[in-house]
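Here are some friendly exercises to work through with the structure open beside you. Try each task before you read its solution.

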Amino acid sequence: MKNTPIPSQIVQDKFKESGLSSIGGASIREIKRLIDTIEQASEVEFVRMEMGIPGLPPSKIGTEAQIAALQNGVAAKYPDIQGIPQLKQQISSFVKNFMNVDVNPASCLPTVGSMQGGFASFLTLSRIHKERDTTLFIDPGFPVHMQQHKVLNLKYESFDVYNFRGEKLREKLESYFSKGNIHSVLYSNPNNPSWICFTEKELQIIGELANKYDVVIMEDLAYFGMDFRRDLSKPGQPPYQFSVANYTDNYILFISSSKAFSYAGERIGMMVISDALFNRRFPDLKRFYGNDLFGHTMVFGTLYPLSSGTSHSAQYALTALLEAANSGSLNFVEEVKIYGEKAAIMKKLFTDNGFSIVYDMDEDQPIADGFYFTYSYPGFSGVDLLEKMIYYGISAISLDITGSERHEGIRACTSLIRMDQMDALEERLKLFHEHHKQ
Ligand SMILES: Cc1ncc(COP(=O)(O)O)c(C=O)c1O
């Protein structure tokens with residue numbers, strides 16, 4: 001072993017103590033804990049790129065509204081499960097202003113993070129057609145969605161979209177839909193972990209096929225507005241966040257407040273169901289619920305037994321944040337642009353030192369700089385590379401746990417690295433390259 005920024009004995013000892021069978025195959029939280037112990041023992045600060053947590057303070061608009069709501073006593077009162085009326089109105093205005101999509105306030109629901117929006121949707125959608133029992137993931141994806149399927153004992157199929165961009169996506173999706181077992185599809189856009197964004201053409205293909213095969217599309221907009229190649233920050237003005245909602249009425253949108261509004265700690269997200277789906281009857285739902293109306297079932301059949309609604313005070317916070325965004329007084333996109341600026345610098349440091357970006361294109365356009373990017377180094381699997389880079393004080397996660405078929409890949413998150421750490425990153429990447437170039 002060459003001389004590395006982190007003494008190899010420390011890495012090996014801490015790895016042994018961790019009880020993990022491999023570093024590269026560990027979950028995000030396991031890696032976080034291991035790196036915490038290595039940092040402590042070595043007294044060397046890591047460049048930490050493993051966890052996708054917001055690295056910015058929350059907007060005061062949210063916290064002040066939440067404090068005021070608490071002082072007004074909302075903590076003592078159960079919130080309505082479908083959400084407070086003023087929040088529902090603001091969500092509806094938000095999707096109109098930033099997506100140019102029309103949805104009634106009734107079809108806009110707060111959830112305990114997008115995480116719960118997904119859980120509730122998987123549960124409900126798996127019961128709308130008795131002859132269909134499978135969700136299709138367009139991967140790579142967020143590992144916790146797979147975990148949710150596992151704990152719910154629900155079936156899913158998946159494919160890596162890497163080789164099926166553009167028109168190729170049509171045939172690939174049809175090969176699944178035509179089997180007749182798929183009730184819904186899930187993808188994130190921009191994508192966690194790869195940061196690819198579907199083009200309008202691809203979203204149109206997804207929407208057309210949703211109509212043709214009557215499949216519900218779950219569009220996870222956890223990184224809403226964060227395709228910084230286009231200025232999506234102006235309410236009521238194009239360009240808008242691209243969405244499948246422009247091409248089908250068969251959709252559910254998950255809009256997280258965690259990244260766009262740096263409000264992850266309060267666990268509040270938005271579920272937006274198209275009016276057509278919200279008001280549609282599925283007689284097969286009656287096998288499990290007292291009602292066959294989709295929207296009613298989602299609220300009173302699924303969200304009610306899950307958590308009986310979303311934190312009352314957080315709903316006031318989100319109302320205030322959306323109100324400010326809708327009126328143009330809060331430019332939420334500008335506030336998070338720093339992630340893209342850091343990504344641009346980091347990607348250059350990686351590619352200057354022998355690394356490649358794994359998911360690098362949206363059809364004919366280079367991907368945006370944003371919250372995540374993916375990289376590889378010649379001759380290494382992702383799992384081995386991840387492990388090796390720990391000796392150089394750089395931590396991330398392997399793409400293996402995301403449904404990606406690019407087994408050489410690693411996901412880097414740009415949120416926690418500080419601008420003043422870029423020199424350290426450069427030095428460490430240079431040293432790694434010196435030690436490993438062929
Ligand atoms: C793609 C994706 N979906 C959902 C979530 C969860 O969002 P929330 O914090 O709103 O539950 C995340 C968080 O990292 C994510 O990356």
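**Exercise 1.** Find out how many of the six residues of strand β3 (residues 134-139) are buried.

*Solution.* Start with the ground rules. This is a predicted model, in which local features need pLDDT of at least 70, side-chain atom pairs count only at pLDDT 80 or more, and totals for chains, interfaces and linings use all residues. Residues are numbered from 1 along each chain as its sequence is written. Strands (E, at least two residues) and helices (H or I, at least four) are DSSP runs, numbered from the N terminus. A residue is buried if 20 or more other C-beta atoms, placed from the backbone, lie within 10 Å of its own, exposed if 12 or fewer, and partly exposed in between. Now count: five of the six residues of β3 are buried, so β3 is largely enclosed by the rest of the structure.

**Exercise 2.** Work out how β3 and strand β4 (residues 155-160) run, and which residue of β4 stands opposite Thr135.

*Solution.* Two strands pair if DSSP finds at least two bridges between them. Six bridges join β3 to β4, and the two run parallel. Opposite Thr135 you will find Tyr156.

**Exercise 3.** Place these strands in their sheet and name the strands at its edges.

*Solution.* First write down the order: β2-β8-β7-β6-β5-β3-β4, an open sheet of seven strands with mixed pairing. Next look at the ends: β2 (108-111) and β4 each have a single partner strand, so one side of each lacks a neighbour in the sheet. Finally, check the partner of β2: strand β8 (residues 269-273) pairs with β2 in the antiparallel sense over four bridges. Within that pairing, Cys108 has Val272 as its bridge partner.

**Exercise 4.** Decide whether His183 is buried or exposed, and list what His183 touches.

*Solution.* Locate His183 in strand β5 (residues 182-188). With 23 other C-beta atoms within 10 Å, His183 is buried. Residues are in contact if their C-beta atoms, placed from the backbone, lie within 7 Å. Leaving aside residues up to four places away in sequence, His183 touches several residues, including Thr134 and Thr135, as well as Val215 and Val216.

**Exercise 5.** Describe how helix α13 (residues 338-352) packs with helix α15 (residues 422-436).

*Solution.* Axes are lines fitted to C-alpha atoms, for helices over the stretch in contact, and angles run from 0 to 180 degrees between N-to-C directions. Here the angle is about 15 degrees, with the axes 9 Å apart. The contact involves Ile345, Met346, Leu349 and Phe350 of α13, with Met422, Leu425, Glu426 and Leu429 of α15.

How values were computed:
Contact = placed C-beta atoms within 7 Å.
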